Amino acid sequence: MSAMAKPYWQDRGLKVDVPRAALPARVDVLIIGGGYTGLSAARETASASASTLVLEAGALGAGCSGRNGGQVAYSIKPSLATLTSRHGADKAFAICQEGRAALDYLKWLATEECHDCGWRQDGLFYGAHTPRHFAAMVREAADQPPGLAQNIVVVPKGEHKREIDTDFYHGGCLYPDDASVDPMRLLLALLHRAQVAGATVLEHCPALSIKPRAEGFEVTTPQGPVRAGKVLIATNGYSGPVSSWHRRRVIPIGSYQIATEALGVDKVRALIPNGRNIVDSRRVVVYYRPSTDGERIIFGGRAALSEQDPAACTPRLKAMLTQVLPQLNETRIEYTWVGWVAYTFDTMPHLGQHEGVYYCMGYCGQGVPTAPYFGRRIGQQMMGRSEGRTALDNLPFPTRPYYFGTPWFLAPSVFAYRMMDLMGI
């Protein structure tokens with residue numbers, strides 16, 4: 001049986017309740033993108049009594065908010081030293097603190113506010129691809145910046161089998177505080193919060209253009225135009241021609257995933273004894289974890305040099321999985337899918353305004369903890385609330401010459417990274 005070309009997260013009878021509604025002639029706030037960012041922002045603006053409309057180009061969950069791996073970890077990619085060289089010591093420290101605040105906010109959402117998101121704080125194991133990588137991990141764990149230290153446990157080679165039953169890794173590090181969620185359930189929880197606050201969500205209604213008008217903007221859609229006092233672009237890896245300025249600043253990258261057949265909790269626990277998320281130190285990133293119910297393994301990574309139909313990537317993804325866990329050689333793959341993440345040229349999320357249009361995007365593969373948090377903050381900013389301010393507001397949002405939204409440089413970069421991984425560099 002061939003794998004089903006559909007995210008595992010969306011094939012479990014979940015009810016997506018988006019009532020049909022007519023396109024209003026005017027709203028106070030119009031949000032383009034119905035993912036974690038847009039729905040989080042909509043909840044804030046609607047709660048402040050602003051009439052709020054969310055436009056989703058496809059079905060709810062068709063973007064990466066319904067297609068990610070659900071892993072939850074500290075999410076600011078540049079190091080404190082790198083950020084300090086760019087922005088100065090105080091700003092750098094504050095940016096890192098935003099990453100910690102995003103984690104705290106998602107944990108509160110999933111454990112206190114929304115109790116059906118599949119939150120599991122089982123930790124993460126970071127596998128070392130080579131002995132040299134392991135030595136670097138040990139140094140980094142011992143030399144963490146004061147005030148930003150994470151809970152890290154060094155796991156030497158051999159002892160790592162308590163975390164994953166493989167000879168592939170040369171030890172690694174355990175991050176006990178990391179967690180995971182069910183991506184689609186989180187999205188539905190954010191939808192419910194936005195709707196209860198009074199926001200209207202329209203599916204299958206893409207924004208086609210944004211034009212400035214007196215007292216705001218006019219956004220055209222296939223259903224007609226709508227006037228809006230304020231507009232937020234929250235499209236992340238699905239940013240298209242509606243705004244060429246934003247499209248030039250995010251790099252859409254397909255993150256391909258597969259889900260195994262149901263293996264049973266005992267077999268999954270034999271492979272990943274503590275049910276943790278797993279990543280490793282290779283440059284071509286892979287990430288995997290048990291499903292929320294513990295019955296399957298969900299595995300993802302960069303499976304193609306250039307973008308392809310996810311079904312075509314299934315054999316390579318399975319080969320990548322069984323390279324680490326050869327015990328799964330005879331296991332069937334039941335689901336295969338792809339979601340588009342958005343990288344930026346400085347590997348930072350960005351939020352702010354350009355020509356009066358708000359934006360919030362560029363999570364660099366870490367949108368699970370960052371998108372709900374920064375979506376909330378940008379929504380608060382749109383309402384003029386001081387608590388919406390962040391250390392990332394209106395940072396320079398770089399692009400590159402000759403980049404217009406199609407990442408022509410991606411295939412050679414992935415190929416180079418593969419070669420470096422093969423050589424153990």
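**Exercise 1. Tracing a group of paired strands**

Find how β1 and β2 run relative to each other, then follow the pairings onward from β1.

*Solution.* Step 1: β1 and β2 run parallel and are joined by four bridges. Keep in mind as you work that this is a predicted model. To locate the pair on screen, look for Ile32, which stands opposite Leu55 in β2.

Step 2: Look at β2 itself, which covers residues 52-55. Thr52 and Val54 lie on one side of this strand, Leu53 and Leu55 on the other, and all of them are buried. Both faces of β2 are therefore covered.

Step 3: Return to β1 (residues 26-32), which also runs parallel to β11 (residues 224-233), with six bridges between them. Here Leu30 has Val231 in β11 as its bridge partner.

Step 4: Move on from β11. It pairs with β18 (residues 357-361) in the parallel sense, over two bridges, and there Ile233 stands opposite Tyr359.

Step 5: Now turn to β10 (residues 216-221), which pairs with β11 in the antiparallel sense over five bridges. A hairpin of two residues connects β10 to β11, and Phe217 is matched with Ala228 in β11.

**Exercise 2. Two residues with a positive phi**

Locate Glu215 and Tyr402 in the chain, and decide whether each is buried or exposed.

*Solution.* Step 1: Start with the background. Most residues other than glycine have a negative phi.

Step 2: Glu215 has a positive phi of about 60° and is not a glycine. Its place is the loop between β9 (209-213) and β10. With a relative accessibility of 69%, Glu215 is exposed.

Step 3: Tyr402, also not a glycine, has a positive phi near 70°. You will find Tyr402 in the loop between α9 and α10 (410-422). Its relative accessibility is 68%, so Tyr402 counts as exposed.

**Exercise 3. Helix α9 and its glycines**

Work out how far helix α9 is enclosed by the rest of the structure, then examine Gly367 and Gly384.

*Solution.* Step 1: Helix α9 spans residues 367-382, and 15 of its 16 residues are buried, so the helix is largely enclosed by the rest of the structure.

Step 2: Gly367 belongs to this helix. Its relative accessible area is 19%. Because the limit for buried is under 20%, Gly367 counts as buried.

Step 3: Ask what surrounds it. Leaving out residues up to four places away in sequence, Gly367 touches Tyr36 and Pro372. Pro349 is 18 residues from Gly367 in sequence, and their C-alpha atoms are 9.1 Å apart.

Step 4: Finish just past the helix. Gly384 follows α9 and has a positive phi, near 75°.

**Exercise 4. The surroundings of Thr336**

Describe where Thr336 sits and which polar partners its side chain has.

*Solution.* Step 1: Thr336 is part of strand β16, residues 333-343. Its relative accessible area is 1%, so Thr336 is buried.

Step 2: Look for the polar partners. The side chains of Thr336 and Thr314 are joined by a polar contact of 3.0 Å. A polar atom of the Thr336 side chain also lies 3.3 Å from the backbone oxygen of Pro310.

Step 3: Widen the view. Beyond its neighbours within four places in sequence, Thr336 is in contact with several residues, including Ala3, Met4, Gln257, Ile258 and Ala311.

**Exercise 5. Cysteines**

How many disulfides does the structure hold?

*Solution.* Step 1: The count is zero disulfides. As an example, take Cys117: the nearest cysteine sulfur belongs to Cys114 and is 5.0 Å away. A disulfide would need the two sulfur atoms within 2.5 Å, and Cys117 is in none.

Step 2: Check the accessibility of two cysteines. Cys117 has a relative accessible area of 0% and is buried. Cys205 is also buried, at 0% relative accessibility.

**Exercise 6. The whole chain**

How does the radius of gyration of the protein chain stand against the globule rule?

*Solution.* Step 1: Begin with the secondary structure, which comes to 10 helices and 18 strands.

Step 2: The radius of gyration is 21 Å, close to the 22 Å that the globule rule gives for 425 residues, so the chain is as compact as a globular protein of that length. Its C-alpha atoms fill a box of roughly 65 × 55 × 45 Å along the principal axes.

Step 3: Add the burial and the surface. Buried residues make up 56% of the chain. The exposed area is about 17,500 Å², with carbon and sulfur atoms supplying 53% of it.

Definitions and conventions: Residues are numbered from 1 along each chain as its sequence is written. This is a predicted model: local features need pLDDT of at least 70, side-chain atom pairs count only at pLDDT 80 or more; totals for chains, interfaces and linings use all residues. Side-chain values use heavy atoms; hydrogens and water are left out. Buried means under 20% relative accessible area, exposed over 50%, partly exposed in between (1.4 Å probe, protein chains only). A polar contact is a pair of N or O atoms within 3.5 Å; within protein, one must be able to donate a hydrogen and the other to accept it, and residues adjacent in sequence count only if both atoms are side-chain atoms. Contact means heavy atoms within 4.5 Å. The radius of gyration is taken over C-alpha atoms; the globule rule is 2.2 Å times the number of residues to the power 0.38. Accessible areas come from the Shrake-Rupley method with a 1.4 Å probe; for residues, only the protein chains shown count as cover. Two strands pair if DSSP finds at least two bridges between them.
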